[in-house]
Amino acid sequence: MSDRLRQLQEKYRPHFEKIADGASERDATRELPYELIKQLIADGFGAVRVPVEYGGAGATLPELFELLTDLATADSNITQALRAHFAFVEDRLVAEPGPARDAWLRRFVDGDLVGNAWTEIGDVALGETATKVSPTDDPDVFRVNGQKYYSTGSIFADWTDTTAQRTDTGDQVIAVVSTHQDAVARFDDWDGFGQRTTGTGTTIFTDAEVSAENVILFSTRFKYQTAFYQVVLLSVLAGTAAAAEKDFGATLAARHRTFSHGNGPAPQDPQLLQVIGEVSSAAFAARATVYRTAQALQDAYDAAFALREGTLTLEEEERVNDHTELASAQGQVALTGYVTNAISHAFDALAASSSSTSKNLDRHWRNARTAGSHNPWVFKAKQIGDFATNSTVPSRIWAVGSTK
């Protein structure tokens, strides 16, 4: 552990403890953590990756993901709510140096938060984008129109990272739209059984204004973006497993009842301790997987700068990114079933009373199962097998839509 990570963990521990205290109640009532996220970002959490010379903490990617796993242990919903923000930070870190990049790094340090609006609503054809960005009479201003769903984090954010298509050139772009305008409507209409307080819902743009400098060609996005998004979900799974270990273990420790056909009179039956031990081991393995995949992300980040400096060829840099995507997919396939099954098995340590809604222990399984449902792992497993068998590199960019 680096001194920097140790200092950052110490700095944010009070925030994480406060977040953890109300996590179960927020899940039960679907109360969005507006103020908690605001406080966390105000204390510089959104800028931990920003270089020190700009006022950030200069954290490496493995250090960032250690912190995100700590946060997910407190409340996995908040880690997922910040997923798009850290991805956009990463994109700006890798972007070409210049005033536009510097402006964003300063915004992150000043506490600006970025959300997400990528997934199209309705019967949009696979690979197409219904959300449009149009020029105006003012060359510095564009207008955005469209609807998105799964807008994770945007309801808390100052900006939303929006995929769209330019009407004048046909280019696929990212429009980074300020949410501080009436033309952007955000709704907390996500009805999933897990990750209830991520602010994942609908965003509607009705002639929303975006500056020309914030209409960014999608082709210039950082190459390891899909892997990055996936590793955030791995940290969500790892943190959820750690939270389950803590809550199920504490509940077992407080039990006074046991069964006549158990292994003895003590409520902490050896077989039940074994179950908690299995959950603990899953949490350990999940965190280790996050660390290893974060190292792969760091390799891709370093390769981007090595390419720019001329110390790495384009072919070598592409190969690094392919292996980063592969690592994130392997981590996803390994953890999705492992963590959800371990948490499901944890109920065997507590018997029927553990299903009480007043305990809300089921939120850990619901959160893990929901996080594990993103970007279906079955397709990733197929790509991993294709690489292992045929050396076919996994796709780094993909889309979802209707095949009608």
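Q: Welcome! Let's start with helix 11: which of its residues are buried?
A: Lys380, Gln383 and Ile384 are the buried residues of helix 11. Please keep in mind that this is a predicted model.

Q: What makes these buried residues line one face of helix 11?
A: Looking down the axis of helix 11, its buried residues fall within an arc of 100°, so they line one face of the helix. The general background fits nicely: an α-helix has 3.6 residues a turn, so residues three or four places apart point the same way.

Q: Which residues on the other side of helix 11 are exposed, and what cut-off is behind that word?
A: On that other side, Phe379, Lys382, Thr389 and Asn390 are exposed. The word calls for a relative accessible area over 50%.

Q: What do the buried residues of helix 11 pack against?
A: Their partners are helix 7 (225-253) and helix 9 (314-346).

Q: How does the reach of helix 11 compare with the expected span?
A: Helix 11 covers residues 377-390, which is 14 residues, and its first and last C-alpha atoms are 19 Å apart. At 1.5 Å a residue, 20 Å is expected, and the reach is close to that. Just after helix 11 comes Ser391, with a positive phi near 60°.

Q: Why is helix 4 called roughly antiparallel to helix 5?
A: The axes of helix 4 (residues 61-81) and helix 5 (residues 83-94) cross at roughly 155° and come within 11 Å. Angles over 145 degrees count as roughly antiparallel, so the crossing angle earns helix 4 and helix 5 that label.

Q: Which residues make the contact of helix 4 with helix 5, and how do they divide by class?
A: From helix 4 come Leu61, Leu64, Leu68, Thr79, Gln80 and Ala81, and they meet Arg83, Phe86 and Glu90 of helix 5. By class, this contact has five nonpolar, two polar and two charged residues.

Q: Why does Gln230 count as buried?
A: Gln230 has a relative accessibility of 2%, and buried means under 20%, so the label applies. Gln230 sits in helix 7. Leaving aside neighbours within four places in sequence, Gln230 is in contact with Arg83, Ser328, Gln332, Asn375 and Lys380. Lys380 is one of the buried residues of helix 11.

Q: How do you know that Arg221 is buried?
A: The relative accessible area of Arg221 is 5%, which is under the 20% cut-off, so Arg221 is buried. Arg221 is found in the loop between strand 9 (215-217) and helix 7. Beyond its neighbours within four places in sequence, Arg221 is in contact with Phe88, Asp91, Trp118, Asp161, Ile174 and Tyr229.

Q: What makes His364 buried, and what does it touch?
A: With a relative accessible area of 4%, set against a limit of under 20%, His364 is buried. His364 has its place in helix 10 (residues 362-371). Not counting residues up to four places away in sequence, His364 touches Thr240, Ala243, Ala244, Asp247, Phe248 and Ile343. His364 and Ala244 are 120 residues apart in sequence, yet their C-alpha atoms are 6.0 Å apart in space.

Q: Why does Gln298 count as buried?
A: Gln298 comes in at 12% relative accessibility, which is under 20%, so Gln298 counts as buried too. This residue belongs to helix 8 (residues 270-309). Residues up to four places away in sequence aside, Gln298 touches Arg49, Thr60, Leu61 and Pro62. Leu61 is also among the helix 4 residues that meet helix 5.

Terms used. Residues are numbered from 1 along each chain as its sequence is written. This is a predicted model: local features need pLDDT of at least 70, side-chain atom pairs count only at pLDDT 80 or more; totals for chains, interfaces and linings use all residues. Side-chain values use heavy atoms; hydrogens and water are left out. Axes are lines fitted to C-alpha atoms, for helices over the stretch in contact, and angles run from 0 to 180 degrees between N-to-C directions. Helices (H or I, at least four residues) and strands (E, at least two) are DSSP runs, numbered from the N terminus. Contact means heavy atoms within 4.5 Å. Ala, Val, Leu, Ile, Met, Phe, Trp, Tyr, Cys and Pro count as nonpolar, Asp, Glu, Lys and Arg as charged, and the others, Gly among them, as polar. The expected span of a helix is 1.5 Å times one less than its number of residues. Buried means under 20% relative accessible area, exposed over 50%, partly exposed in between (1.4 Å probe, protein chains only). The arc is that of the directions from the helix axis to the C-beta atoms.
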